[in-house]
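I am opening a notebook on a structure that is new to me, and I will write down what I look up in the order in which I look it up.

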Amino acid sequence: MTDTRDHDLSPPHSITRRQCLQAGLTGAGLTALSLLEGCTAGSSERALTQRAPKHSPNVVVIGGGFAGATCARVLAESGVNVVLVDPSEQYVACPMSNLVIASLRNIEAQTFQPQGFPENVTVVRQMAQYIDAEQQQVTLEDGVVLNYDRLVLAPGIDLRWSALEGYDTEAAKRMPHAWKAGPQTLLLRDQLRAMPNGGTVVMSVPANPYRCPPGPYERASLIAHYLKTHKPRSKLIVLDAKDRFSKQSLFQRAWKEQYSNLIEWQGLSDGAQVVRIDAKRNTLHTDFDEFRADVANVIPPQQAGSIAITSDIADASGWCPIQPATFESTRVPNVHIIGDAAIANAMPKSAFAANAQAKLCAIQVTRLLSDQDPLSVPLINTCYSLINPNYGISVADVYQPTQSAWSPTPGAGGVSATNAPASHRQKEADYAHHWFKTITQEAFGSTPTTKQKERDKNRHRNRIV
Amino acid sequence: MEDAKAMAAVCNGCHGPLLSSPLSPPLLHNQPADQLFTKLITYKTGQLEGTLMNRIAKGYSKEQLRAIANVLASTTSPSSTP
C-alpha cells in the first residue's frame with residue numbers, strides 16, 4: 001500500500017434531495033442509507049438515516065457475480081454498510097454451462113436469484129454507469145449518484161464486438177459465443193441438436209487473456225461427447241489463436257483416448273488464428289484458409305466490463321491494473337477491482353479466483369477503512385474441467401502477492417496426474433459439481449429455485465433455431 | 001490470527017460446509033486441529049496422495065498450515081467466512 005492519504009470517514013459529499021428520492025432505496029436494506037446522509041431529507045428518510053451508526057463507512061460494490069456478490073456478503077458480515085449495484089434479478093452462471101451446451105444439464109441449474117444478503121446490504125437494481133474516483137461517486141443509469149468511502153468494482157467481462165472482423169451482435173445470433181451464459185448457451189445447444197449427423201462444428205478460441213482459460217477446451221470435450229453420443233459421423237474443428245493452453249497435455253491425451261477422430265485442434269503456428277467471420281455464410285477465415293461450419297462457436301476477444309473502460313480504470317490492455325495484495329487500482333485511489341476485470345497476473349479469470357479474491361478484498365477493504373495495515377496472504381485457485389460427465393481434471397495453484405504481481409508459488413500447483421486412475425477422474429468430476437454448488441450458494445445464497453425451473457422450462461420449451 | 005483466517009477462508013471453495021454429500025471433499029470444520037494439521041503435512045510431503053491437495057499444500061509453509069488448521073478447527077458453525 002502506497003496510499004498515505006487520510007481515510008476521511010466524515011459524511012460523504014452531499015447530493016440533491018431529488019437524487020435521494022430517485023435512489024428508491026426502500027425496504028429492509030435501508031441500513032445503508034447513511035450513504036445519503038448529505039441529503040436534506042424528509043422525516044422518514046432522516047429516521048432511517050439515523051439507524052446507521054454515525055460515520056460508519058460505506059462501500060459500493062458494482063457487479064453481483066461470483067466476485068461482487070461474495071464480496072458484498074463478507075464486507076457486510078464485518079459490519080460495513082454495502083450498496084450492491086447490479087441490474088439483473090437473476091444470474092446465469094458460466095461454470096458448468098458447457099454441460100448445458102452438450103445437453104447434459106438444464107439451464108435452470110445454472111440460474112440463480114441472489115438472495116439472503118445480510119441486512120446491511122442494499123441491493124440496487126441499476127446499471128452503474130460512471131465512476132468519478134476523485135469525487136468518490138458512482139452515477140447510476142437513472143442519474144442517481146452514490147457516494148462511497150471505498151468502491152469494489154467487479155464488472156466481469158465485455159465482449160469486444162468487431163475486434164474480430166465481422167463478429168458483432170448480429171453475427172452472434174447466427175454464430176453464438178455462449179461466453180456469457182444464458183440465451184447464447186441455449187442457442188449453441190439447440191444448433192447442435194438441429195445439426196445433421198455428419199455435420200461440422202467449428203470453434204474459434206481467442207488469444208490470452210480471456211475469461212476461463214480452460215473453458216474452450218472443456219467445451220470442445222463436451223461437444224465431442226455430445227457428437228460421439230448422438231451424431232458420431234460429425235467432426236469438431238478447434239481453431240486456436242495460441243499454441244499452448246491450460247491443461248493442454250491432459251486435454252489432448254483425453255481427446256485422443258475418448259474422442260479419437262472427432263476433435264481436430266489447430267494452433268497459432270498451424271496458421272489457425274481466425275481473422276475474419278462471415279456470418280452470412282457461417283464461415284470462419286484464417287490467413288490461409290476458410291472453414292464453413294454447420295455450427296460455429298466464436299469465442300471473441302474480451303475486455304473488462306464497460307464501466308471500467310469508460311471510467312478509465314482499465315488500462316490500454318482493456319483490463320484493470322491493481323496492487324496485488326489489496327486489489328486497489330494503480331490508476332485511481334479507493335477503487336478495488338476483483339474478478340475477471342482485474343489484472344491478477346498469474347491468477348486466471350475464473351469463478352474460483354473471483355470468489356477467493358472477493359473474500360480477501362473484503363478483509364483488506366475493511367482493514368483499510370479502519371486504518372489497519374492490509375494483510376499479505378496467499379490465495380489459491382482451482383479450476384475443474386470435465387472431459388465427459390465422469391472424467392474430471394483440474395489445475396490448481398497457490399499465489400503469493402509480491403509488490404507487483406500475484407505470482408505462483410515455486411514447487412506448488414499444477415495439473416492432475418497424467419496417469420491418475422479412473423477413480424480420481426471420477427472424483428474430480430464429482431468435486432467439480434460440489435464446488436459449483438458451494439460457490440453458488442456462497443455468492444448467491446440460493447440453490448436454483450423450483451419456481452425458476454418452471455419458468456425457464458416454459459420459456460425455453462419448443463425453442464427452435 | 002487475521003492472516004490465518006484470511007488464508008483459511010479460501011478452503012471453503014471446495015470444502016464448503018453449507019452442502020455436503022458422500023461425493024464431496026471432506027468437511028473441515030469441527031475436526032481436531034492436530035488431525036487437520038497432520039493431514040495437511042502428509043499432503044505437503046507427498047506421504048498421502050490426494051486428487052489435488054498435494055498441489056495446494058505444497059504452496060504453504062508448515063507454520064501457515066498449522067495456523068490454517070487451527071482456524072478451521074475452531075470454526076464450529078458452517079459459515080462462508082471461518
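Entry 1, a salt bridge between chains. I started with R55(B), which forms a salt bridge with E428(A), and the closest N and O atoms of the pair are 3.7 Å apart. I note at once that this is a predicted model, and that the pair passes the salt-bridge rule because its distance lies within 4 Å. I then looked up the count between chain B and chain A, which is one salt bridge. For polar contacts across the interface of chain B and chain A, I found five residue pairs, with both residues at pLDDT 80 or more.

Entry 2, the side of chain B that touches chain A. I asked which elements give two or more residues to this side of chain B, and they are α1 (2-9), α2 (12-15) and α4 (53-57) of chain B. Of these, α1(B) gives the most, with five residues. Sorting the residues of this side by class, I get twelve nonpolar, eleven polar and four charged.

Entry 3, the extent of the contact. I looked up how many residues take part, and the contact takes 27 residues from chain B and 40 residues from chain A. The two chains bury about 2900 Å² between them, and 67% of that area is on carbon and sulfur atoms.

Entry 4, a pocket. I turned next to the second largest pocket, for which I noted a volume of about 620 Å³. Its lining consists of 31 residues, and those that lie nearest its centre are H15(B), P26(B), L28(B), Y43(B) and M53(B). The elements that give two or more residues to this lining come from both chains: β22 (379-388) and α11 (422-444) of chain A, together with α2, α3 (33-45), α4 and α5 (62-74) of chain B. I wrote down separately that α3(B) gives the most to the lining, with four residues. By class, the lining has 22 nonpolar, six polar and three charged residues.

Entry 5, salt bridges over all chains. By the rule used here, the count comes to 14 salt bridges over all chains. One that I looked up within chain A is formed by R125(A) and E89(A), whose closest N and O atoms are 3.8 Å apart. This pair links distant parts of the chain, 36 residues apart, with R125(A) in the loop between β5 (121-124) and β6 (128-132) and E89(A) in the loop between β2 (81-85) and β3 (91-92) of chain A.

Entry 6, two backbone details in chain A. I noted that the peptide bond from N208(A) to P209(A) is cis, with omega near -5°, and that P209(A) lies in the loop between β11 (200-205) and α7 (215-230) of chain A. I also noted S103(A), which has a positive phi of about 60° although it is not a glycine; I located S103(A) in the loop between α4 (97-101) and β4 (111-112) of chain A.

Technical notes
Residues numbered from 1 in each chain as written. Chains lettered and ligands numbered in written order. Predicted model: local features only at pLDDT ≥ 70, side-chain atom pairs only at ≥ 80, totals over all residues. Heavy atoms only, no water. Contact = heavy atoms within 4.5 Å. Buried area = accessible area lost by both parts, 1.4 Å probe. Salt bridge = Lys/Arg side-chain N within 4 Å of Asp/Glu carboxyl O. Polar contact = N/O pair within 3.5 Å; in protein donor to acceptor, adjacent residues only side chain to side chain. Nonpolar A, V, L, I, M, F, W, Y, C, P; charged D, E, K, R; others polar. 1 Å grid on protein atoms, 1.4 Å probe; cavity = no way out; pocket = protein on both sides within 12 Å on 5 of 7 lines; lining within 4 Å. Points joined across faces, edges and corners; volume = space filled by probe spheres on them.
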